[in-house]
Amino acid sequence: KLYDMDAATPLFPNTPLAEALVLEVLADCSLSPRPLFSGVISEGPVLIYEHQDGLPWRNDTGLVARRLKRLHGLPYMARLSALPSAPDGSVALVTQTMAILAQIPQERADPLIAMRPPVTVPPSHMRVLLHGDPVPDNLICPSHPPGALPVFVDWQCPALGDPVMDLALFLSPAMQLVARGSPLSAQERADFLTAYDDEGIAARLEDLSPILHWRMAAYCLWKITGDRPDPAYAPALAAELAALQRATG
């Protein structure tokens, strides 16, 4: 993996050292590929890890939920204590979203700023290991044995924090639409939360959902209007705005 150091975005950092560290720490957990080498060559930072056989996840949200539950249940690892902290609670999420919107032309950003949900949710103060980008293409389902749990790849933006952050990214209508062509159905979302099996986290996700959809809408708008416009994020923006409307009633 040769890193494009210009590929970082306001929502997804691109940190080679963090990815190499996490792969090393998780080498025996079956959650990620086994690392072989990390360093810097003339073209830039590079990471080599064992090939993960299989295909990107597309169906059965319960598989992903159980995998995320295992990741989030790992004991706290001192070696990972230097990882960045994910936004925790509504104030931090609003701050992050406003920073994204500040990078968008004002006439495009203002309508979304006006949609800011009036939601207040305190920080969780949780410090679990987060993948940071658990979207369908970063979940490889092994070819054998049948039903094997997915393996996480692309660990370039790990963090410590609230498990809700990983759950929201996987469940995001925008991220699902960009990766597999359609958002999750209500049944797929329900199956995911049932398999994750944590009523407290599910309730917190529900409380934060308006701000999380608003944040993702801001990211989609940034992708459309940024230096590298990506037209795939236009329908993703519409999907996230529709979810925001549902969440705010």
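In the predicted model, Asp-28 is exposed, with a relative accessible area of 67%. The side chain of Asp-28 meets that of Arg-34 in a salt bridge, with 3.1 Å from N to O. Arg-34 is partly exposed, at a relative accessible area of 35%. This contact is one of nine salt bridges found in a search of the whole structure.

A further salt bridge joins Arg-58 to Asp-137, the closest N and O atoms being 2.7 Å apart. This pair links distant parts of the chain, 79 residues apart: Arg-58 lies in the loop between strand S3 (55–56) and helix H2 (61–72), and Asp-137 in the loop between strand S4 (128–130) and strand S5 (139–141). Both partners are partly exposed, Arg-58 with a relative accessible area of 28% and Asp-137 with one of 36%. Elsewhere, salt bridges that share partners join Lys-1, Glu-19 and Asp-154 into one network.

Within that network, Glu-19 forms a salt bridge with Lys-1, with 2.8 Å between the closest N and O atoms. Glu-19 belongs to helix H1 (residues 16–25) and Lys-1 to the segment before H1, so the pair ties together parts that are 18 residues apart in sequence. Glu-19 is buried, with a relative accessible area of 0%, whereas Lys-1 counts as partly exposed at 31% relative accessibility.

Strand pairing was examined next. Three strands form an open sheet in the order S3-S5-S6, and the pairing is antiparallel. S3 and strand S6 (151–152) stand at the edges with a single partner strand each, so one side of each is left without a neighbour in the sheet. The antiparallel pairing of S3 and S5 extends over two bridges, and Pro-56 stands opposite Ile-140 in S5.

At the surface, Leu-36, Phe-37 and Ile-48 make a nonpolar patch of about 290 Å². Of these residues, Ile-48 is found in strand S2 (residues 44–49) and counts as partly exposed, at 40% relative accessibility.

Aromatic contacts were also assessed, and the count comes to seven aromatic pairs. The rings of Phe-12 and Tyr-219 have their centres 5.3 Å apart and their planes at 85°, so this pair is edge-to-face. Phe-12 lies in the segment before H1 and Tyr-219 in helix H8 (residues 199–225); the pair therefore ties together parts that are 207 residues apart in sequence. Both residues count as buried, Phe-12 at 10% relative accessibility and Tyr-219 at 3%.

By contrast with this edge-to-face geometry, the aromatic pair of Phe-170 and Phe-192 is stacked, at 5.2 Å centre to centre and with 25° between the planes. Phe-170 in helix H5 (residues 164–171) and Phe-192 in helix H7 (residues 186–196) are 22 residues apart, and their pair links distant parts of the chain. Phe-170 counts as buried at 0% relative accessibility, and Phe-192 is likewise buried, with a relative accessible area of 0%.

Ring pairs also link Phe-12, Tyr-219, Trp-222 and Tyr-233 into a cluster. In a contact between a charge and a ring, Lys-69 lies over the face of Tyr-196, at 5.4 Å from the ring centre.

Technical notes
Residues numbered from 1 in each chain as written. Predicted model: local features only at pLDDT ≥ 70, side-chain atom pairs only at ≥ 80, totals over all residues. Heavy atoms only, no water. Salt bridge = Lys/Arg side-chain N within 4 Å of Asp/Glu carboxyl O. Helix = DSSP H or I, 4+ residues; strand = E, 2+ residues; numbered from the N terminus. Buried < 20%, exposed > 50% of the residue type's maximum accessible area, 1.4 Å probe, protein only. Patch = residues over 30% accessible without salt bridge, like charges linked within 9 Å, V, L, I, M, F, W, Y side chains within 5 Å. Areas by Shrake-Rupley, 256 points an atom, 1.4 Å probe, with all protein chains shown as cover. Pairing = 2+ DSSP bridges. Phe/Tyr/Trp six-rings, centres within 6.5 Å; stacked < 30°, edge-to-face > 60°. Lys NZ or Arg CZ within 6 Å of the ring centre and 35° of its normal.
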